[in-house]
Amino acid sequence: MTTYYTPNRNIKFDYTCRKIDNVNDPAKNGFISLYQNIFADEPYKEDWPYNEVEKVWINFTKYSLYIAEISYCIDDENNYNYKVIGFASGCNSSYMDNDTFKFVESEQERLNFNNSNSFYVAELGVAKEYRKNGIAAKLMNLLHMDAVKENKKFAYLITACNNNNNTISFYTKNGYYISNIIYNCKILAGGVVDKKNVLVKNL
Ligand SMILES: CC(C)(COP(=O)(O)OP(=O)(O)OC[C@H]1O[C@@H](n2cnc3c(N)ncnc32)[C@H](O)[C@@H]1OP(=O)(O)O)[C@@H](O)C(=O)NCCC(=O)NCCS
């Protein structure tokens, strides 16, 4: 067992990652509330109703979804409930809104990618109090390893960028490079902000 600490060190924990391929997996409600919490926060400020996130869950479980779950935890009160603390997923076009779908298709064309040689990373999130412990890096690595097994040559994604959001440095540390920057775009992917980046990684 490895022992991790939350950044303020008031929680000591360990976690495991696993792939979800059953829509009825008991982690469903934990995933849904984590997703709602993460995207209600800065810079996204999105309000996701339960049934919309349920659709996301259904689509992700069909394609590729990894979650991180607490396996051991001691907090200040020495008690703890089971909890989903992270997720990473690829998705297919059925989940995307129309504008995002058109945009992702045009980026695929621009990069000379297609569905068999590339993998679109749709979502990544780790519960705020557990960040900076390498959990997102581990989840991304699992997605990448699956993509390599499926002979994909590239992973790509769209991410928001503003003063409150340092995801670019996270992705570059994990082998991605910036391939395109889009201003004032309408697409929902990566959150509702003015500037978005298309990031690519050679697998
Ligand atoms: C982006 C996000 C998923 C990163 O999650 P995370 O689990 O904290 O990621 P990691 O721990 O793997 O890496 C984060 C940082 O911690 C550092 N780190 C990793 N392990 C560490 C450790 N054991 N001790 C200290 N720092 C560590 C990494 O080097 C990285 O540094 P950086 O901030 O300069 O890039 C998380 O911040 C998040 O959920 N944000 C909100 C949702 C979001 O924006 N998602 C992306 C949408 S496109």
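Trainee: What distance does α4 reach from its first C-alpha to its last, and what is expected at 1.5 Å a residue?

Mentor: α4 has 15 residues and reaches 22 Å, while the expected span (1.5 Å times one less than the number of residues) is 21 Å, so the two values are close. Helices here are DSSP runs of H or I with at least four residues, strands are runs of E with at least two, and both are numbered from the N terminus.

Trainee: What kind of model is this, and how are its residues numbered?

Mentor: This is a predicted model, in which local features need pLDDT of at least 70 and side-chain atom pairs count only at pLDDT 80 or more, whereas totals for chains, interfaces and linings use all residues. Residues are numbered from 1 along each chain as its sequence is written.

Trainee: Which residues of α4 are called buried, and what puts them on one side or on opposite sides of the helix?

Mentor: The buried residues of α4 are Ile135, Ala136, Leu139, Met140, Leu143 and Ala147; buried means that 20 or more other C-beta atoms, placed from the backbone, lie within 10 Å of a residue's own, while 12 or fewer make it exposed and values in between partly exposed. These residues cover an arc of only 135° around the axis (taken from the directions from the axis to the C-beta atoms), and therefore they lie on the same side of α4. The face turned away from that side carries the exposed residues Met145 and Lys149.

Trainee: What do the buried residues of α4 pack against?

Mentor: They pack against β2, β3, β4, β5, β6 and α5. Leucine 139, for instance, is in contact (C-beta atoms within 7 Å) with Cys17, Tyr66, Ala68, Gly86, Ala88 and Leu124, leaving aside its neighbours within four places in sequence.

Trainee: What makes a set of residues a nonpolar core, and which have the most contacts inside the largest one?

Mentor: Such a core consists of buried Ala, Val, Leu, Ile, Met, Phe, Trp, Tyr and Cys residues joined through C-beta atoms within 7 Å. The largest here has 44 residues, and those with the most contacts inside it are Ile85, Tyr120, Val121, Ile135 and Leu139. In soluble globular proteins, nonpolar side chains tend to be buried together.

Trainee: Why is asparagine 151 called exposed, and where is its place?

Mentor: Asparagine 151 has 9 other C-beta atoms within 10 Å, and therefore counts as exposed. Its place is in the loop between α4 and β6, and its phi is near 65°, a positive value in a residue other than glycine.

Trainee: Why does lysine 132 count as exposed or buried?

Mentor: Lysine 132 has 11 C-beta neighbours inside 10 Å, so it counts as exposed. Lysine 132 sits in the loop between β5 and α4 and has a positive phi of about 65° although it is not a glycine.

Trainee: How many residues surround the ligand, and which are the closest?

Mentor: There are 19, and the closest are Val126, Arg131, Gly134, Ala136 and Ala137; a residue belongs to this group if its C-beta atom, placed from the backbone, lies within 6 Å of the ligand. The elements giving two or more residues to this shell are β5, α4 and α5, and α5 provides the largest share, four residues.

How values were computed: Contact = placed C-beta atoms within 7 Å.
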